[in-house]
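Got your viewer open and a free hand on the mouse? Load the model below and let's walk through it stop by stop.

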Amino acid sequence: MNRKTSVSEKDERKVKLGIRDRISMLKNKRAFSLIFPFVILLFIIVLFSILTKGRFFTANVFKGIFNQSLIVGTLAIGMTFVFTTGDVDFSVGNVMGLAAAVGALHYQTSQNIVSTIILTILSGILLMLCNYTLSVALHIKSAMVAIIGLTLYASITQQIVGAETLKVDYNLCRSLDNGGFRYISFILFFGLCLVVYYLTPVGRQLRFIGGNSECARQTGINITRVRCIGFLLAGLGIGLAGVYQIIRTGSVSNSVGNGMGMDVMLATVLGGMSIFGGAKSNAYSGFTGALTICALNQGLLMIGVSSMLIQGVRGVIFLILVVLNSERAVTLPSRQQF
């Protein structure tokens with residue numbers, strides 16, 4: 001009798017396991033977050049290679065996708081240190097735009113590319129410290145800080161740049177690019193982020209804070225200090241992306257960076273990381289997602305889709321991914337966090 005009862009209880013539990021439960025179980029598997037981004041990227045490459053009759057699957061197209069993804073990817077990698085703690089900041093594109101505008105304005109008077117690069121990077125760091133002060137030191141919700149920054153930084157950029165673009169010597173930018181400055185600096189920055197994120201206490205503490213900030217505080221972690229380091233590294237990535245923006249075009253317009261904050265968030269989610277942070281965060285998802293976004297944009301353009309419709313497609317994809325990642329688990333410390 002007891003045996004029959006236990007069998008029926010097992011059957012009942014199986015019946016209660018619905019589709020949503022199975023999807024949740026699949027999402028929570030660590031292998032899923034590692035494999036899913038690469039599957040999506042491969043799917044996009046294969047799909048557009050078929051739709052364009054092979055024109056998409058060429059070295060020149062892949063090189064263009066990689067070059068386009070450097071800016072968004074650098075921003076996303078830096079912002080990983082902010083997103084990991086659960087902070088959401090979509091003003092990052094306008095922060096980058098203002099940093100680039102400050103650097104380009106400095107070049108107008110100094111004609112010195114080295115000091116321009118340094119000032120652009122420092123501007124990105126200082127602007128992110130402003131966001132840190134508002135969201136952490138003054139305890140303003142990060143979403144509200146992002147909304148304020150989105151408007152404020154864009155307005156300041158428009159005032160600095162004006163109606164015309166700020167020019168930087170194009171030949172000098174080309175020589176830097178041909179010399180491999182972007183690739184070398186990106187590799188160094190990416191390597192630094194990987195080391196800090198996986199091999200230092202800061203990375204582990206950031207993931208711990210994202211998983212359960214109250215528990216992290218009670219274990220003695222200085223949350224304010226750790227989050228400050230996270231914002232500093234994000235600012236470094238933003239400043240470096242501002243330099244890439246200058247080098248890529250040799251100019252800075254008054255609309256630079258507009259809408260790029262959404263690209264960064266989309267890249268982060270497409271790369272397999274939740275914008276709610278926590279133990280399953282990783283330092284490389286931003287660049288993987290950036291490659292996916294740029295491949296999607298390039299493929300849609302090659303098959304004749306308008307730029308306005310592309311924005312709509314990206315918005316729908318982002319909405320779907322956010323819904324799929326809308327659960328934020330409040331967890332105790334685990335081996336994944338340490």
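Here is a tour that goes from the whole chain to a few chosen spots.

**The whole chain**

Start with everything in cartoon view, and keep in mind that this is a predicted model. You should be able to pick out 15 helices and 2 strands in the protein chain. Of its 338 residues, 49% are buried. Now think about who touches whom: among contacts between residues at least 6 apart in sequence, 80% join residues at least 24 apart.

Next, colour by pLDDT. The chain averages 83, and 84% of the residues score at least 70. Select residues 329-338, though, and you'll find the pLDDT below 50. In the model, that stretch still has 22 contacts beyond near neighbours in sequence.

**Helix α9**

Select residues 181-199, which make up helix α9. There are 19 residues here, and the span from the first C-alpha to the last is 26 Å, close to the 27 Å expected at 1.5 Å a residue.

Show side chains along α9. Which of its residues are buried? They are R182, S185, F186, F189, F190, C193, V196 and Y197. Look down the axis and you'll see these residues cover an arc of only 130°, so they sit on the same side of α9.

Now spin the helix around. On the face turned away from the buried side, you'll meet the exposed residues I184, I187, L188 and L199.

What lies over the buried residues of α9? Switch on α4, α8 (170-178), α10 (201-211), α12 (223-249) and α14, which are among the parts that cover them.

**The aromatic cluster**

Stay where you are and show the rings of F66, Y183, F186, F190 and F287: together they form one aromatic cluster. The model has 11 aromatic pairs in total. Zoom in on F66 and Y183, a tilted pair with ring centres 5.9 Å apart and 40° between the planes. Since F66 belongs to helix α4 (residues 59-83) and Y183 to helix α9, this pair ties together parts that are 117 residues apart in sequence. Turn on the surface and check both: F66 is partly exposed at 28% relative accessible area, and Y183 is partly exposed too, at 29%.

Then move to F186 and F287. Their ring centres are 5.0 Å apart and the planes meet at 45°, so this pair counts as tilted. This pair also links distant parts of the chain, with F186 in α9 and F287 in helix α14 (residues 285-302), 101 residues apart. Are these two buried or exposed? Both F186 and F287 are buried.

**Helix α14**

F287 is your way into the next stop, so select residues 285-302, the whole of α14. This helix has 18 residues and reaches 26 Å from first C-alpha to last, close to the 26 Å expected at 1.5 Å a residue. Why call α14 largely enclosed by the rest of the structure? Because 15 of its 18 residues are buried. Step just past the end of the helix to G304, which takes a positive phi of about 95°.

**Two stops on helix α4**

Go back to helix α4 and select S69. S69 is buried, with 0% relative accessibility. Show what is around S69 and, leaving aside neighbours within four places in sequence, you'll find contacts with T74, F287, A290, L291 and C294. You've met F287 already, as a member of the aromatic cluster.

Still on α4, pick V61. V61 is buried, with a relative accessible area of 14%. Its contacts, again without neighbours within four places, are R55, F56, Q298 and M302. Now draw a distance from V61 to G299: C-alpha to C-alpha, these residues are 9.5 Å apart in space, although 238 residues separate them in sequence.

**Last stop: N94**

Finish in helix α5 (residues 92-110), where you'll find N94. At 5% relative accessibility, N94 counts as buried. What does the side chain of N94 pair with? Look for the side chain of N258, joined to that of N94 by a polar contact of 2.9 Å. Not counting residues up to four places away in sequence, N94 touches L150, Y153, A154, T157, G257 and N258.

Key:
Residues are numbered from 1 along each chain as its sequence is written. Side-chain values use heavy atoms; hydrogens and water are left out. Rings of Phe, Tyr and Trp (its six-membered ring) pair if their centres lie within 6.5 Å; planes under 30 degrees apart count as stacked, over 60 as edge-to-face and the rest as tilted. Helices (H or I, at least four residues) and strands (E, at least two) are DSSP runs, numbered from the N terminus. Buried means under 20% relative accessible area, exposed over 50%, partly exposed in between (1.4 Å probe, protein chains only). The expected span of a helix is 1.5 Å times one less than its number of residues. The arc is that of the directions from the helix axis to the C-beta atoms. Contact means heavy atoms within 4.5 Å. pLDDT is the predictor's confidence in each residue, from 0 to 100. A polar contact is a pair of N or O atoms within 3.5 Å; within protein, one must be able to donate a hydrogen and the other to accept it, and residues adjacent in sequence count only if both atoms are side-chain atoms.
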